[in-house]
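Welcome! Please take a moment to look over the sequence and the 3D view, and then read on for a short tour.

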Amino acid sequence: MPTFQPVRGMRDLLPDDAEMLTYVMSKARETAELYGYREVVTPVIEPYELLSAKSGEEIRQRMFTFKDMGDRTVALRPEFTSSIARLATTAFKNEPKPLRTLSIGSVYRYDEPQRGRYREFYQSDFEIIGTSNPEADSEIVLLTDRFMKSVGLSNYAFKLGHVGVIRGILNQANVDEKTQNAILQHMDKKEFNEAFELISSEECLTTLKGSLELKTEDVFKTAERIESHVEGYCKAAESAKELSDILKLVTEGGCPVKSVEPAFARGLEYYTGMIFEVYVPELDIALGGGGRYDKLIELFGGEPTPATGVAHGLDRIVLAMQTQKAVPAKNRRKRVAVVPVNETVKAEALRISEMLREAGIVVELEVMGRKIAKSLEDADKRKVDYAVIVGERELKQSSAMLKDLAKREQSIVAISELAKKIAG
Ligand code: AMP
């Protein structure tokens, strides 16, 4: 029998990596708490129809789709927003607005595996439902900034755009929604020629091409230039104004925006308004992205409900922390190896272990029946702080031998004093 390996694109996270991931997850939860987002846990498997309704061709083709034994077509979730939109039309239908949710867990996409790109990866997803005001969009950007800071990252940047600008221009030329989606998909991949080929109106083409030239180093100036460029296009002009408003709020909130991109698009089809990405220039990868999706909940049969949100790529945040040498701030507990000298004191060793754990000390009990020397050698390798050697002689005086493994010192300590002595 050959040894088994994980399926392509799937990874085992061994303790060091798992610890980093759960640390980042804990920071996402802290961030959510600070902004009043409450966690919900939704299924990994959802109806294919729900997940595919508005996710965009790109993601639709990359979903892990299958039939369950009841002949239902289902898929592994490629993102969280559809599940939250489903909740907004069911369990949360009558909840007071705004609704703020957090989801954390694994998502699945049949992407081509490479550094920072996997087929099973982890996201934290924040959604705010029930308002179309720009302060909601700016909140999503600001909480992302706070989250990045909280894990110790410093070199990252925000990119802001608004799909309403391009859609507004295309709408005015009566480009149908399907073609608009295809155009945006191409623009997302910077395939501008392919995007332009789909447009027949000369005027529309000129405006769109012209919009690509508006970017300057100064983000406020870019936003202003977009506003005046689309002046004659009613919906696009509204969107441009909204983009300026959000930019101001985000900046006021203390988060500098690196660039405003007139031609910025994102893979997911459901976006209707502001879109953004946070990325690390040195790695050239996005750590997270999101935006406004005002039509999705209605599409799922709910009342028209505006909403905006963000998904953070937790695996990539870990990668960025490693390259930027951001070390998790750990509240390190003391670690102890408890070693019984023989069979007869096993129960006592166990009792002492539980007593120390009760005091918040990490105890690794000798469970392999090894001799003391071997056990201490192993404890050294595992970098535990102390060893407690439980022997009959010391037990008679209600004591045990405490060994400080770093200092190489040992003393006989009353069992009742052990925890205090170890905690320092
Ligand atoms: P998206 O909604 O597609 O922008 O995804 C949100 C975030 O998830 C991205 O900014 C990435 O950080 C992360 N992400 C997307 N696809 C992958 C992948 N295949 N592997 C790891 N992380 C990913």
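## Contacts with the ligand

A polar side-chain atom of Gln-123 sits 3.1 Å from an oxygen atom of the ligand. Keep in mind as you explore that this is a predicted model. Arg-109 also reaches the ligand through its side chain: one of its polar atoms is 2.8 Å from a ligand oxygen atom. With Leu-287, the backbone takes part instead, as an N or O atom of its main chain lies 3.4 Å from an oxygen atom of the ligand.

How much of the ligand's accessible area does the protein cover? On its own the ligand has 480 Å² of accessible area, and the protein covers 92% of it.

## The shell around the ligand

Let us step back to the surroundings. The ligand takes up the space of the largest pocket. Three elements each give two or more residues to the shell around it: strand S6 (120-129), strand S10 (285-292) and strand S11 (307-313). Of these, S10 provides the largest share of the shell, with four residues.

In total, 16 residues surround the ligand. The closest are Arg-109, Asp-111, Tyr-118, Arg-266 and Ala-286. Sorted by class, the shell is made up of six nonpolar, five polar and five charged residues.

## Two domains

Now for the chain as a whole. The domain assignment divides it into domain 1, covering residues 15-324, and domain 2, covering residues 335-423. Taken over C-alpha atoms, the centres of domain 1 and domain 2 are 53 Å apart.

## Two backbone details in loops

Where does the chain hold a cis peptide bond? You will find it joining Lys-97 and Pro-98, with omega at about 0 degrees. Pro-98 belongs to the loop between helix H4 (81-89) and strand S5 (99-108).

Another spot to visit is Lys-190, in the loop that runs between helix H7 (177-188) and helix H8 (192-197). Phi of Lys-190 is near 60 degrees, which is a positive value in a residue other than glycine.

Definitions and conventions: Residues are numbered from 1 along each chain as its sequence is written. This is a predicted model: local features need pLDDT of at least 70, side-chain atom pairs count only at pLDDT 80 or more; totals for chains, interfaces and linings use all residues. Side-chain values use heavy atoms; hydrogens and water are left out. Domain bounds come from an automatic or database domain assignment. A residue is near a molecule or strand if one of its heavy atoms lies within 4 Å of it. A polar contact is a pair of N or O atoms within 3.5 Å; within protein, one must be able to donate a hydrogen and the other to accept it, and residues adjacent in sequence count only if both atoms are side-chain atoms. Accessible areas come from the Shrake-Rupley method with a 1.4 Å probe; for residues, only the protein chains shown count as cover. On a 1 Å grid over the protein atoms alone, a cavity is a set of points where a 1.4 Å probe fits but cannot get out, and a pocket is an open set with protein on both sides within 12 Å along at least five of seven lines; lining residues have an atom within 4 Å of a point. A molecule sits in a cavity or pocket if more than half of its atoms lie within 2 Å of its grid points. Ala, Val, Leu, Ile, Met, Phe, Trp, Tyr, Cys and Pro count as nonpolar, Asp, Glu, Lys and Arg as charged, and the others, Gly among them, as polar.
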